[in-house]
Amino acid sequence: MIFYKPFYETLAKKNVTEYALIFKYGIPANTLHRMKHGEAITTKTLDELCFVLDCEVEEILKHIKDDE
């Protein structure tokens with residue numbers, strides 16, 4: 001399962017708001033909504049977020065293996 005908790009920690013660390021992501025950097029609000037609800041985002045979006053936040057993928061998401 002993918003978790004986006006690191007994303008919100010990175011936003012706080014970089015002092016970037018969701019508002020800035022939407023209106024300054026052009027990240028769609030729907031993308032942030034999907035992330036808040038643990039839904040999938042594209043690798044293109046992941047790349048854009050890493051570029052905007054000047055961070056690594058691990059600072060956006062975390063994968064936790066589900067027990068079968």
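Biologist: Let's start with Lys-13: is it buried or exposed?

Modeller: This is a predicted model, so local features need pLDDT of at least 70 and side-chain atom pairs count only at pLDDT 80 or more, while totals for chains, interfaces and linings use all residues. Residues are numbered from 1 along each chain as its sequence is written, and side-chain values use heavy atoms, leaving out hydrogens and water. Buried means under 20% relative accessible area, exposed over 50% and partly exposed in between (1.4 Å probe, protein chains only). Lys-13 has a relative accessible area of 59%, so Lys-13 is exposed.

Biologist: Which residue does Lys-13 form a salt bridge with?

Modeller: Side chains of opposite charge can pair when their charged atoms come close. A salt bridge here is a side-chain nitrogen of Lys or Arg within 4 Å of a carboxyl oxygen of Asp or Glu. For Lys-13, the closest N and O atoms are 3.0 Å apart, and the pair links helix α1 to the loop between α4 (43-53) and β2 (62-63), 46 residues apart. The partner, partly exposed at 22%, is Glu-59.

Biologist: How far is the backbone oxygen of Glu-59 from a polar atom of the Thr-10 side chain?

Modeller: Thr-10 sits in helix α1 (residues 5-14), and its relative accessible area of 4% means that Thr-10 is buried. Leaving aside neighbours within four places in sequence, Thr-10 is in contact (heavy atoms within 4.5 Å) with Leu-53, Cys-55 and Glu-59. From that side chain to the backbone oxygen of Glu-59, the distance is 2.6 Å.

Biologist: Back to helix α1, then: which residue meets Lys-5 in a salt bridge?

Modeller: Lys-5 is exposed at 59% relative accessibility. Its partner also lies in helix α1, four residues apart, about one turn of the helix. The N to O distance is 4.0 Å, and the partner is Glu-9.

Biologist: How many aromatic pairs are there?

Modeller: Rings of Phe, Tyr and Trp (its six-membered ring) pair if their centres lie within 6.5 Å; planes under 30 degrees apart count as stacked, over 60 as edge-to-face and the rest as tilted. By this rule, the count is two.

Biologist: And what kind of pair do Phe-7 and Tyr-8 form?

Modeller: Phe-7 is buried, with a relative accessible area of 0%, whereas Tyr-8 is partly exposed at 27%. Their rings are 4.9 Å centre to centre, with 75° between the planes, making the pair edge-to-face.

Biologist: What about Tyr-19 and Phe-23: what kind of pair are they?

Modeller: Both lie in helix α2 (residues 18-23), about one turn apart. Tyr-19 is exposed at 58%, and Phe-23 is exposed at 59%. With 4.6 Å centre to centre and 40° between the planes, the pair is tilted.

Terms used. Helix = DSSP H or I, 4+ residues; strand = E, 2+ residues; numbered from the N terminus. Polar contact = N/O pair within 3.5 Å; in protein donor to acceptor, adjacent residues only side chain to side chain.
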